[in-house]
Amino acid sequence: MLSAGSRFWLRVQGLVSQIFVLLTYYSIAGWMRFRRYRILDRGRVRAEFAALVGDRRGPLLVCANHLTLIDSLIIQWALAPGWRLFVRPDWFFWNLPDKYNMSINLFVRLLGYFGKCVLVRRKGPPEEIRRALDQVAYLLGRGQSMLVFPEGGRSRIGRVDTENFMYGVGRMMQDTPRARVVCVFARGAGQRVYSNYPKAGEAFAVRMKPVTPTTTFKGMRADRDLATQIVHHLRDMEQEYFEHATLGR
Amino acid sequence: MDTATAFSKVLGIIKPFVKNTAVFGEANDSTRIIEDLGVNSARLVDIILAFEDEFGIEVDDESADKVRTLGDAVQMIVQKTATAQ
């Protein structure tokens, strides 16, 4: 159970992030343009996400594949323009990055704060991971959106890793059963394996699919079952992506 | 179940997940599962679920969180199997 203090500071962070969302968003979008990143068919991607989420408010769990340190920025940029995040705070996703990656300097720490990051030590003690999951449950319970990477880190094999992934997303779904779940597959055309950053000039394909995983298990077994279903959805989306890329040659 | 039998079975269950095989060869009660044996923290859940299947016990989150060493695992299993009987 999250303490009253933790809940308060999360609400403060949400409020501060929302006040500065336009500055944060367009600064990052400007940097991505400087790097000549682009989202393939961005208008269609944004329209698809808008149609998928619609006017309905409420908790949303966005589950994505993970290959670079800035995947969450790319996905947020791909799915909605800054002004949308301003008028629809629930479209401005909370993130769950590794504390180590977000502590390298003051700028990144500030970016993490304004970018609605809940920090977690991926290989930290169970009670710390439990606390992060409690924070996620609290935020989803307040109707917020969360962007998570079910694999738990950048895939070391360059493809969706169906062997080594975390079960935390399964716990999130159990903690907030009313949360809608959307799988998002994003990949740069030139991305071969995992990296810190995509190469300059990268063009990203982004696909999404609403999913409704269910399980008859309970507890940790349910965590594993639900997480497995999500990762398999991402794997299927990846297969479709590569089949499409092959046919397009 | 006695401690020695539980320890032996625990080693059998954990073995496929161990990356640091040198330490595994000299494992004892105080050997830490993640830090010393190099078991991926995500796989700890698989190990706990394997304990449930093997020993016919139920492990809640709180008990699972306390399992840091092989000794912790054995102690938990011995206690839970005793309670189950």
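Which residue of β4(A) is the bridge partner of A:N95? In this predicted model, the partner of A:N95 is A:L147. Local features were taken at pLDDT of at least 70 and side-chain atom pairs at pLDDT 80 or more, while totals for chains, interfaces and linings use all residues. Residues are numbered from 1 along each chain as its sequence is written, with chains lettered from A and ligands numbered from 1 in the order of writing.

Chain A contains an open sheet of six strands in the order β1-β6-β5-β2-β4-β3, with mixed pairing. Strands here are DSSP runs of E with at least two residues, helices are runs of H or I with at least four residues, and both are numbered from the N terminus. Two strands count as paired if DSSP finds at least two bridges between them. Strands of a sheet pair through backbone hydrogen bonds, in either a parallel or an antiparallel manner. The edge strands are β1 (38-39) and β3 of chain A, each of which pairs on one side only. β1(A) is joined to strand β6 (residues 203-211) of chain A by two bridges in the parallel sense, and A:I39 has A:F204 as its bridge partner in β6(A). At the other edge, strand β3 (residues 94-95) of chain A runs parallel to β4(A), with two bridges between them. Strand β2 (residues 60-64) of chain A is also parallel to β4(A), through four bridges; within this pair, A:L60 is matched with A:S145.

Side chains of strand β4 (residues 145-148) of chain A alternate: A:S145 and A:L147 point one way, A:M146 and A:V148 the other way, and all are buried. A residue is called buried if 20 or more other C-beta atoms lie within 10 Å of its own, exposed if 12 or fewer do, and partly exposed in between, with C-beta atoms placed from the backbone. Helix α8 (residues 168-175) of chain A lies across β2, β4 and β5 (180-188) of chain A and runs at about 165° to β2(A). Such angles run from 0 to 180 degrees between N-to-C directions, the axes being lines fitted to C-alpha atoms, for helices over the stretch in contact.

The largest nonpolar core has 83 residues. A core of this kind is a set of buried Ala, Val, Leu, Ile, Met, Phe, Trp, Tyr and Cys residues joined through C-beta atoms within 7 Å. Among the residues with the most contacts inside the core are A:C63, A:M146 and A:V184. Helix α9 (residues 219-247) of chain A supplies the largest share, seven residues. Beyond its neighbours within four places in sequence, A:C63 is in contact (C-beta atoms, placed from the backbone, within 7 Å) with residues including A:V148, A:V169, A:C183 and A:I230. By contrast, A:K218, in the loop between β6 and α9 of chain A, counts as exposed because it has 11 C-beta neighbours inside 10 Å.

Chain B has five helices and zero strands. Its radius of gyration, taken over C-alpha atoms, is 12 Å, close to the 12 Å that the globule rule gives for 85 residues, so chain B is as compact as a globular protein of that length. The rule is 2.2 Å times the number of residues to the power 0.38. Buried residues make up 28% of the 85 residues in chain B.

The contact between the chains takes 13 residues from chain A and eight from chain B. On the chain B side, α3 (43-55) and α4 (61-65) each supply at least two residues, and α3(B) gives the most, with three.

Notes. Contact = placed C-beta atoms within 7 Å.
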